[in-house]
Amino acid sequence: MPDNSAITSNVAHEEHPAYLRHHFSSAEQQADAAGFAMWLFLLTEVMFFGGLFTAYLVYRNWYYPAFVAGSHQLSVVWGTTNTAVLIFSSFTMAMGVWCAQTRRRRGLVLSLALTFFLGLVFLGIKTIEYREKIEKHHVPGFHYSLQSFLDPQSNPEVYAEYHDKPLVPDMARHTELYFSLYFLMTGMHALHMIIGIGILGFMILRARTGAYTAGHETFVVNFGLYWHFIDIVWIYLFALLYLISRH
Amino acid sequence: MNEHTIVNLPDQATARIPKDNYITRENGLLSWLLTSDHKRIAILYLISLSFFFFIGGALAGLIRLELLTPQTDLMATDTYNKVFTMHGVIMIFFFLVPSVPATLGNFFIPMMIGAKDLALPRINLLSWYLYMAGGLLALYTMAVGGVDTGWTFTTPLSTHYVNTNVLTTGLAVFVAGFSSILTGLNFIVTIHKMRAPGMTWFRLPLFIWAHYAASILMVLATPVVAIAIVLIALERTLGIGVFDPTKGGDPLLFQHLFWFYSHPAVYIMILPGMGVISEVISTFSRKRVFGYTAVAFSSVAIAVFGFFVWAHHMFIMGISNYAVLVFSLLTMLVAVPSAIKIFNWTFTLYKGSITFETPMIYAFGFLGLFTIGGMTGVFLGSSGTDIHLTETYFIVAHFHFVMVGGMLMAFLAGIHFWWPKMTGRMYPEKLSQMAAVITFVGFNLTFFPQFILGMLGMPRRYASYPPEFQILNVFSTAGATILGVGYLLPVLYLVWSLRYGAIAGDNPWQATGLEWQTQSPPLTENFTEMPVMDHEAYDYEWLEKQKKEKGVDSAG
Amino acid sequence: MSGHNEDTRHIVGPGVYLVILFALLLGTALTVWASYIDLGLWNPVIALAIATTKAVLVVLFFMHVWYSSKLTKLTIFSGIFMFLVLISMTLTDYISRAWGSW
C-alpha cells in the first residue's frame, strides 16, 4: 500500500510531491505499482475463496437434496435485499472514486459515508439471518438439529412455500455440511466486510481533511478495488447458497 | 589473471571497505528492526533462516541417530513422529521456501534491475515479521510437545486421530504463508514496474526470471493451503464435517487443497535456486548462458505446468483411476522444462573457460544431484512404479536429492557468490572449497543408500525397520555426520570473514550484472544515479570494454 | 515499458456507473425470478451465467478494467484461470470416481 501522508502544504518538496516515496522515480510509477500490487492481492483472495468454492461444489454434487433443503431454510428476501445493498454500496464506492479524482471533497466524504452505512446494513441483515439460524439450531457443532429436515412440517413458513418432502436420515445429516459451508463462506465474506468497513471509517476521517482530493487518490482507488471484489464474492455466494432450487 | 581462478581482488595493502554503505549508514538495533532497506531485510532473513536451518538440521540428526538401529531405542515412536514432522515443517516452510528469495532475492532483485528498492519496502519488512511470528510459533509448538502428523497433515489423522498441537503448527504455517505471499507480490510488482531505462525483459538476468516465476507460484498457490489449514482448524474444533467420512465429508478434499499448494511449493523452492545456478555457471565459464530465451521461458513454463500435477502426491490415496491417469500424464510434461534448463547449463559450460571457485563447485554438485533427483521424480510420476515406491525411502531420497542436493547447494552457491558483494569481504577459498566437497560427499553417502532402501521396501516415517536394512541406514547416518560438518564450516568461516576476510572490491568475480558495477557493500540507495541498461545480459565483451575504459574495476 | 494505470487519464463518470447499477439490479431480479422456474439442469447454469455477467460488469466498469492496461487484464485472467484449474481439476477426481476401476 502506498504512503499516504496528508498533503497540508503546497510547497514543492525537492521538485516532487510529499507523498512520493523515494524509491519511485515518479508519482505515476508509484500509483501504477500500488494499483498493480492491489490487483495481485485480490488474486490471492480469489484463490483463498477458491478452496471454499471447491469444497462447496464437491459436496453440492454429492448431497444435492440436502443442499436444496438447507437452502430453503435461508430467506430469499433477506438475501436479495443484501445483494441489492452491496450493489448500491459498490455504486457509492465507485462514485467516491470519481469524487476523489475530480477533487470533490464533500462528495467523496458523502460517498464513503454512504458506502460505510450500506456496509453496516449488510452486516445488520446478516446478523438477523444468523440469529434465526441459531434459534432454529442450524449451526453445525452447536446442538445441530435435523428436525427441520426429517419433519419439514415442523417449519410451517418454509413448508408453506416449498412443501419439502422429508429427507431420509442419512441425507438429512448432510445438511450439516451445507450449513458448515454456508457459515464458512458467508462468515469469511463478512470478515472481509468488517475489515473493509473499518478501513472505510479511517478513510472518511482522512477524506474530511482533504487527503484524497489533492491529486493523490490512490488509496481510495485501491480500496475501491477491494470493496468491489467483496461485492463480486457475494454475487456468487448469493447465487450458490440462496438460489439452489426454489421451485 | 591467474589461469586457475578468475578472482580479482584489489591490492590488500591499500583496499578499504567503503565508509558509507548500507550497513554503516545507520546504527542501532532499531535501525535494523524498523528498516525499509531491502538489503538490511535480506540480512535479517539470512540470520533467522540460518537459525531455523540448524534447528531443522538438529532434528534431522535425531532422525538419523534413531535409524542407526532397527529397533525404536533412542526415542518412543510417538516422539519419532514428532521429530520428523517438525523437521519437515521447519525445513520446508521456514527454510527452503524463503531461502533464496528472502535473502538473495530481496538483496539483489532491485540491484539487478537498477532500482533503489523493492516496490513495497514496508510490506517487505512486514514479510519478515510474519516469518518470525510463524517461526516462533513453530518453536513454541515444539516446546509444548510438537505435532506428529507428518508435515503433510494428512486427514483424517490430523483432524480426528491425534491430540497433538495441530492447530498451533497450522497457525505457524498459515502466518508464514502470508509472509511468502507478500514477498512474491512485492517481487512481481517490482520486476514489472521498476526496471531501469533500457532494462527490457530479455536483458534481465535469469535470476530475475526465476524469481518472477517463483513469485507467481507464491501468490497464486499459497492462499489455497491457507484455506486448507483454516478448514482443518474448524474440523478439529467444531467438527464441521468437511473432512469427516462419518458426516459425509471427504478426507481427500483436504489433500487436494493441500497439494494444490504443496506441489507448486516445490517449484517455489527450486526455481530461485535455478536462478542462482544460471548466474554462477555463466560467471565461472565466462560465457553467456546458452539459450537465454529457452531458460527464461522454461522458468515460467515450470511455474505454469507445476499447477497441473498436484494429485501425483495422491496416487494411492483413493482418487479415481482416471484422475491418476490424467495427473500422471501431466507430470511427465512438467519434467521437460527442468530438463531444458539442465541441457542449457551444460551447453553453457561447453567451450567456456571454466574455473572451480567455491560457488562453481556447488553449482556442479547441483547439476549432478538435481538431475538424479529429477529423474527419480519421473519414476514417481509414473503411476505404475509409484504404487511400489511411494511412501518408501525412495520418495525420501528423491525429494532430498532435489531439495538438499539441488536447492540447498544452489543456496550455498549463491551465498558464496554474492557474499563479497553483501559484506565487502572474501571468505577463505581453500577452506570453502573443501567444505563444498565435504558436503557433496556427505550428501551422497547420506541419501543414495535411501534410494536402495526404498526399492527394497523400507517404509518412510517409521522409527523401526527390519534388521536387513540396517547396513544401508548406518551408511546414511554416517553420511549425515559428514554432511553436518560440511554445513557447519560455512557458518564458521563466513562469520570469520566478516572481520578477517580479504577486502573483496566491487567485482571480485568479474561478473556481469548491475549489482557488480557498484561498491561492496552497496550504498543504501544502491546507485548514485539511475543506471541505464545498454547491453544484453551476460555480456562479457561489454565488461571487457568497461575495464579498458575505466582502468582498474575494483575500488578500495 | 509496461502499461500505465489508466486512472491517471480516464476518469469514469457517474453516467456509466448509473447504467451499471441498474444492470446489476436487473440481473439480481432476473436471477431470483429464474430460480423459481423449474428448468432442471439449466437452473444452476443460468444462475451462474447471470452471476458471472454481473461480476464481469463490476470488474470492467466499477473496477475500471475496461479502461486498464493489458497487464491488468492479463493479471485478472491468470487469476481466474488458476481458480478454474483448481476447481475443474479437483472435480475430475470426484466426477470420475463412480466410473469404476476400468
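A helix here means a DSSP run of H or I at least four residues long, with helices numbered from the N terminus. Keep that in mind as we walk through this predicted model.

Let's start with helix α3 of chain A, which covers residues 76-101. Its 26 residues reach 37 Å from the first C-alpha to the last, close to the 38 Å expected at 1.5 Å a residue. Is this helix mostly buried or exposed? Well, 19 of the 26 residues of α3(A) are buried, so the helix is largely enclosed by the rest of the structure. Just after α3(A) comes A:Arg103, with a positive phi of about 60 degrees.

Next, look at where chains A and C meet. Chain C and chain A put 39 residues each into the contact. On the chain C side, α1 (14-35), α2 (42-62) and α3 (70-96) each supply at least two residues. The top contributor there is α3(C), with 11 residues. Here is that side of chain C sorted by class:

| Class | Residues on the side of chain C touching chain A |
|---|---|
| Nonpolar | 24 residues |
| Polar | 12 residues |
| Charged | three residues |

Finally, there's the largest nonpolar core, which holds 291 residues. Which members touch the most others? They are A:Ala37, B:Val224 and B:Ala413. Helix α8 of chain B (residues 206-238) gives this core its largest share, 23 residues. Chain C joins in too: domain 1 (11-68) and domain 2 (69-102) each provide at least three residues.

Zoom in on B:Val224 and, leaving out residues up to four places away in sequence, you'll find that B:Val224 touches A:Met47, A:Gly50, A:Gly51, B:Leu257, B:Phe260, B:Tyr261 and C:Leu86.

Note on methods. Residues numbered from 1 in each chain as written. Chains lettered and ligands numbered in written order. Predicted model: local features only at pLDDT ≥ 70, side-chain atom pairs only at ≥ 80, totals over all residues. Contact = placed C-beta atoms within 7 Å. Nonpolar A, V, L, I, M, F, W, Y, C, P; charged D, E, K, R; others polar. Core = buried A, V, L, I, M, F, W, Y, C linked by C-beta atoms within 7 Å. Buried ≥ 20, exposed ≤ 12 C-beta atoms within 10 Å, placed from the backbone. Domains from an automatic or database assignment. Expected span 1.5 Å × (residues − 1).
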